[in-house]
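Time to open my notebook and look at an annotated site and the pocket around it. I'll jot down each thing as I look it up.

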Amino acid sequence: MTVFGADLMARLDAFAGFTEEPGLLTRLFLTTQHRAAADWLMELMGKAGMNARLDPAGTVVGRYEGTVPGAPALLIGSHIDTVRNAGRYDGNLGVLAAIAAVAELDRRGERLPFAIEVLGFGDEEGVRFPVTLTGSRAVAGRFDRAALETRDRDGVRMADALRAFGGDPEAIATAARKPGEALAFLEVHIEQGPVLEAEGLPVGIVTAINGATRFAVRLRGMAGHAGTVPMALRRDALAAAAEMTLAAERVAAASDAGAPDAGLVATVGRIEAKPGAVNVIPGEVVFTLDVRAPEDAVRRDACAAILADFEGIAARRGVELAVETTHDAAAAPCSPGIRRQIEAAVIRAGVRPLSLPSGAGHDAMAFAGVLPMGMLFVRCAGGISHNPAESITAEDADLSVQILLDIIRHFEHETPTP
């Protein structure tokens, strides 16, 4: 028997009905389906005792006042936009779990020394426009107005889409919380990975959101006839790329073996060989490299080690190497004080506490260095996400609300460096 799980799962199912593709869940930022979902969410927030509104950046905001009206707020939320053909728990769980927690406080008539604001952000996924974290960056005071000029694949400007949605591009700066208005940011989110399931645990405490560096790597060797060029005389760009892929894997695996909590991962996700004929030695290869870790020093050292290996392989195989950095984002460490509070609530729930990094990005990233922030991960079946097969249990959903309620009731504001 669960207290909150059945209702929460039913609401998540209902929320998945706001989609632009029948039979699939696709809810992109600032679409009519996003607006319908926002309206439904505001109605639900009202029933939970909150005053609900839409902020200028399209974020749904529900406020539950504390014992003193106008008190600083504990911010809790996640995103309500999705990827195409998405699962129904990514992002949505965090928003609806927060509403369930506030509804329980309201049902019991509980008021706290602080307010609670539940936030349903848009544009965490970055699918419609070539930007991400629009809603959370606006609340954190980190919104880049240049994003308003970006266009979707149909040529629609974000500024125009936001205005049609009911937002206000000219007033986005007012969405930012002023000093003293917010205490911290909490996010409940499915893990999107297999660690909790492998550990037999329903929840985990996030240590940091990984920083990421991405490279575009180009190799130039010499194309030649597959039947006439002896192996010892080849300058095979694809063979070099294959060895480099294994070198990246070796560096990341060695770090993980030496320190299992290092969280370092390296991935070659795309590779293209030219000329691409069955009987021609590949003379040119382009591939990508993605390196992530929860600590920037670990990630930087790994990148340096991998690229040094690449240079050695290229020299030995007689191929030219060119590397371009295409993305570099710092890690977002969760606040030690918030982590301790989440861990204490997990222990009080009778669950063995497990700390783990997040390899995926989240809205909580926008608040790193602005507010104390932390995340509670919830187990998902097989670690599958961004996929209709995404799955959680009612029991785990229930526990996430129970723990969130406990965190809220025991919350202590801290003022050290986030």
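Definition before anything else: helices (H or I, at least four residues) and strands (E, at least two) are DSSP runs, numbered from the N terminus. This is a predicted model, where local features need pLDDT of at least 70 and side-chain atom pairs count only at pLDDT 80 or more, while totals for chains, interfaces and linings use all residues. Residues are numbered from 1 along each chain as its sequence is written, and side-chain values use heavy atoms, with hydrogens and water left out.

**Entry 1: the annotated site.** I looked up the UniProt record, an unreviewed entry, and its "binding site" annotation covers D90, E125 and H386. Note to self: UniProt positions are in the numbering used here, feature names are shortened, and annotations may be inferred rather than shown by experiment. These residues span 297 residues in sequence, yet no two of their C-alpha atoms are more than 10.1 Å apart, so they gather at one spot. I also found D90, E125 and H386 in the lining of the second largest pocket. A pocket here is an open set of points on a 1 Å grid over the protein atoms alone, where a 1.4 Å probe fits, with protein on both sides within 12 Å along at least five of seven lines; lining residues have an atom within 4 Å of a point.

**Entry 2: H386.** I found H386 in the loop between strand 16 (373-378) and helix 10 (394-409). Is H386 buried or exposed? Neither label fits: H386 is partly exposed, because its relative accessible area is 40% (buried is under 20%, exposed over 50%, partly exposed in between, with a 1.4 Å probe and protein chains only). Leaving out residues up to four places away in sequence, H386 touches V83, N85, G87, D90, E125 and Q192 (contact means heavy atoms within 4.5 Å). The side chains of H386 and D90 also make a polar contact at 3.0 Å. That term means a pair of N or O atoms within 3.5 Å; within protein, one must be able to donate a hydrogen and the other to accept it, and residues adjacent in sequence count only if both atoms are side-chain atoms.

**Entry 3: E125.** E125 sits in the loop between strand 4 (115-121) and helix 4 (134-140). I noted E125 as buried, because its relative accessible area is 15%. Beyond neighbours within four places in sequence, E125 has contacts including H79, D81, D90 and H386.

**Entry 4: more on the lining.** Which strand gives the most to the lining of the second largest pocket? I found that strand 7 does, with three residues.
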